[in-house]
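Okay, everyone, can you all see the screen? I'll put the sequence and the model up, and then we'll walk through a few parts together.

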Amino acid sequence: MELNGEQLIAAPIPDVWKGLNDIDVLAKSIPGCEEISRVSPEEIHAKVMFKIGPVRARFSGKLFLSDVIPDQSCSMAFEGSGGAAGFAKGRSRVELKPAEGGTLVSYTTEASIGGKLGQIGGRLISASAKKIADDFFQRFAKELGGEITPVESDPQAE
């Protein structure tokens, strides 16, 4: 599965970067987040409740940051397990760029999914993942005291 997108957040780059690295902001922004902790500067653990199609599961996951360029970009590797519901693992890249009205956040994600989740149709998984991403950015922008302006999405992500 691939998910790519851009969001314009009405906040300056340093505020967006700080928010993306603030565990409290992330806890309030991630849909279904039940617990999140920073294990080290490069590693974050989280427990999140997701509903994707007919499958509802609590995922325990790890996120590993790399190629970090403060106020610009970072790469992430992630893995999560939802017990009988399945697992997900993959890589993501986030880039911040100045834009009129705030900060343009671009992201690309490649993930593989297995278990019961892997049996759900690709369109349903992609639509659910896009909704989770959109919900995250709405909440994240609200936490930063602003709002988002959707940017044309990548047709391949749909």
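Let's start with strands E2 and E3. E2 covers residues 33–40 and E3 covers residues 43–52; the two run antiparallel and are joined by six bridges. Keep in mind as we go that this is a predicted model. If you want a spot to put your cursor on, find Ser 40, which sits opposite Glu 43 in E3. How many residues lie between E2 and E3 in their hairpin? It's two residues.

Now carry on along the chain. E3 also pairs with strand E4, residues 55–69, and here we get 10 bridges, with the strands again antiparallel. One facing pair to look for is Lys 47 with Ser 60 in E4. E3 and E4 make a hairpin too, with two residues between them. In that turn, look at Gly 53: its phi is positive, about 60 degrees.

While we're on phi, stay with E4 for a second. Asp 67 lies in that strand, and its phi is near 50 degrees, which is a positive value in a residue other than glycine. Is Asp 67 buried or exposed? It's exposed, because its relative accessible area is 53% and the cut-off for exposed is over 50%. Then step into the loop between E4 and E5, where you'll find Asp 71. That one isn't a glycine either, and its phi is positive, near 65 degrees. Asp 71 has a relative accessible area of 32%, so it counts as partly exposed.

Next, the inside. The structure has one cavity of 30 Å³ or more, and the space in the largest cavity is about 1,300 Å³. It's lined by 42 residues, and the ones closest to its centre are Ile 30, Phe 50, Leu 63, Phe 78 and Ile 132. What kinds of residues make up that lining? There are 32 nonpolar ones, seven polar and three charged. As for where they come from, the elements that each give at least two lining residues include our three strands E2, E3 and E4, and also helix H1 (13–20) and helix H4 (122–143). Strands E5 (73–81), E6 (87–99) and E7 (102–114) each supply at least two as well.

Right, cysteines. How many disulfides does the structure hold? Zero. Take Cys 33: the nearest cysteine sulfur belongs to Cys 74, and it's 17 Å away. A disulfide needs the two sulfur atoms within 2.5 Å, so a gap like that rules it out. Cys 33 has 18% relative accessibility, so it counts as buried. Cys 74 is buried too, because its relative accessibility is 10%.

Last stop, Gly 146. You'll find it in the loop between H4 and strand E8, residues 148–150. With 27% relative accessibility, Gly 146 counts as partly exposed. Which residues does it touch, once we set aside its neighbours within four places in sequence? Those are Ala 10 and Ala 141. And here's one more to try on the screen: Gly 146 and Gly 102 are 44 residues apart along the chain, with 9.5 Å between their C-alpha atoms.

Okay, that's my tour.

Conventions
Residues are numbered from 1 along each chain as its sequence is written. This is a predicted model: local features need pLDDT of at least 70, side-chain atom pairs count only at pLDDT 80 or more; totals for chains, interfaces and linings use all residues. Side-chain values use heavy atoms; hydrogens and water are left out. Buried means under 20% relative accessible area, exposed over 50%, partly exposed in between (1.4 Å probe, protein chains only). Two strands pair if DSSP finds at least two bridges between them. Helices (H or I, at least four residues) and strands (E, at least two) are DSSP runs, numbered from the N terminus. On a 1 Å grid over the protein atoms alone, a cavity is a set of points where a 1.4 Å probe fits but cannot get out, and a pocket is an open set with protein on both sides within 12 Å along at least five of seven lines; lining residues have an atom within 4 Å of a point. Grid points are joined across faces, edges and corners, and a volume is the space filled by probe spheres set on the points. Ala, Val, Leu, Ile, Met, Phe, Trp, Tyr, Cys and Pro count as nonpolar, Asp, Glu, Lys and Arg as charged, and the others, Gly among them, as polar. Contact means heavy atoms within 4.5 Å.
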